[in-house]
Amino acid sequence: MNIDIDTILYTTLIGAIVMAVYLYMEAMKKPKKPEYKTIEILECTKCGYKIEKEYEPGDFIGMIKGKCPKCNSPMKIKAIYAVEKTPSKT
């Protein structure tokens, strides 16, 4: 079996180019970062009624925010946390 040196060289060169293109394409893929939304829990200071709503900038735990829809007492922010947004299925 007599293989020409040029054939070996060209095959190696083509293989190296294909590998370089593949590695470049893999490096360019960026991992998708999860998106989050921030939620706050409001609790009535009198009857304990709880509401979950979207966070507003400037809010903090312990802040009095609004009135209770049941007993009209002040509502206090008890918790603020982030939840991952679920991707919409189309």
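**Exercise 1. Decide whether N72 counts as buried or exposed, and describe its backbone and its place in the chain.**

Solution. At 52% relative accessibility, N72 counts as exposed, because the class begins over 50% relative accessible area. This value, like the others below, is computed from a predicted model. The next step is to locate the residue, and N72 proves to sit in the loop between strand 3 and strand 4. The backbone then deserves attention: most residues other than glycine have a negative phi. N72, by contrast, has a phi near 65°, a positive value in a residue other than glycine. Finally, the loop can be placed in its hairpin, where six residues lie between strand 3 and strand 4 and N72 takes the positive phi.

**Exercise 2. Work out how the strands on either side of that loop pair, and which residue of strand 4 is the bridge partner of K67.**

Solution. Begin with the bounds: strand 3 covers residues 64-67 and strand 4 covers residues 74-84, and the two pair in the antiparallel sense over two bridges. Within strand 4, the bridge partner of K67 is P74. Turning to strand 1 (residues 36-44), one finds that nine bridges join it to strand 4, again with the two strands running antiparallel. One position in this second pairing can be named, since I39 has Y81 of strand 4 as its bridge partner.

**Exercise 3. Give the strand order of the sheet and identify its edge strands.**

Solution. The sheet is open and has four strands in the order 2-1-4-3, with antiparallel pairing. Its edge strands are strand 2 (50-54) and strand 3, each of which pairs on one side only. Neighbouring strands of this sheet are turned by 40° against each other on average, direction ignored.

**Exercise 4. Compare the surroundings of E40 and D59, and state which side chain makes a polar contact with each.**

Solution. First place the residues: E40 lies in strand 1, whereas D59 is found in the loop between strand 2 and strand 3. Next assess burial, for which the cut-off is under 20% relative accessible area. E40 is buried, with a relative accessible area of 0%, and D59 also counts as buried, at 10% relative accessibility. The polar contacts come next: the side chains of E40 and K65 are joined by a contact of 2.9 Å, while the side chain of D59 makes a polar contact of 2.4 Å with the side chain of K65. Lastly, leaving aside neighbours within four places in sequence, D59 is in contact with E40, K65, I77 and I80, and the contacts of E40 under the same condition include I51, Y55, D59, K65, I77 and A79.

**Exercise 5. Determine where K46 lies, and which residues it touches beyond four places in sequence.**

Solution. K46 lies in the loop between strand 1 and strand 2, and it counts as exposed at 66% relative accessibility. Not counting residues up to four places away in sequence, K46 touches C71 and S73. As a check on distance, the C-alpha atoms of K46 and K78, which are 32 residues apart along the chain, are separated by 14 Å.

**Exercise 6. Relate the annotated transmembrane region to the domain assignment.**

Solution. The unreviewed UniProt entry annotates residues 7-25 as a transmembrane region. In the model this span is 100% helix and 0% strand, and its end C-alpha atoms lie 27 Å apart. The domain assignment gives domain 1 (1-30) and domain 2 (36-84), so that the annotated residues 7-25 fall within the bounds of domain 1. The C-alpha centres of domain 1 and domain 2 lie 60 Å apart.

Conventions. Residues numbered from 1 in each chain as written. Predicted model: local features only at pLDDT ≥ 70, side-chain atom pairs only at ≥ 80, totals over all residues. Heavy atoms only, no water. Pairing = 2+ DSSP bridges. UniProt positions renumbered as here; feature names shortened; annotations may be inferred. Axes fitted to C-alpha atoms, helices over the stretch in contact; angles between N-to-C directions. Buried < 20%, exposed > 50% of the residue type's maximum accessible area, 1.4 Å probe, protein only. Polar contact = N/O pair within 3.5 Å; in protein donor to acceptor, adjacent residues only side chain to side chain. Contact = heavy atoms within 4.5 Å.
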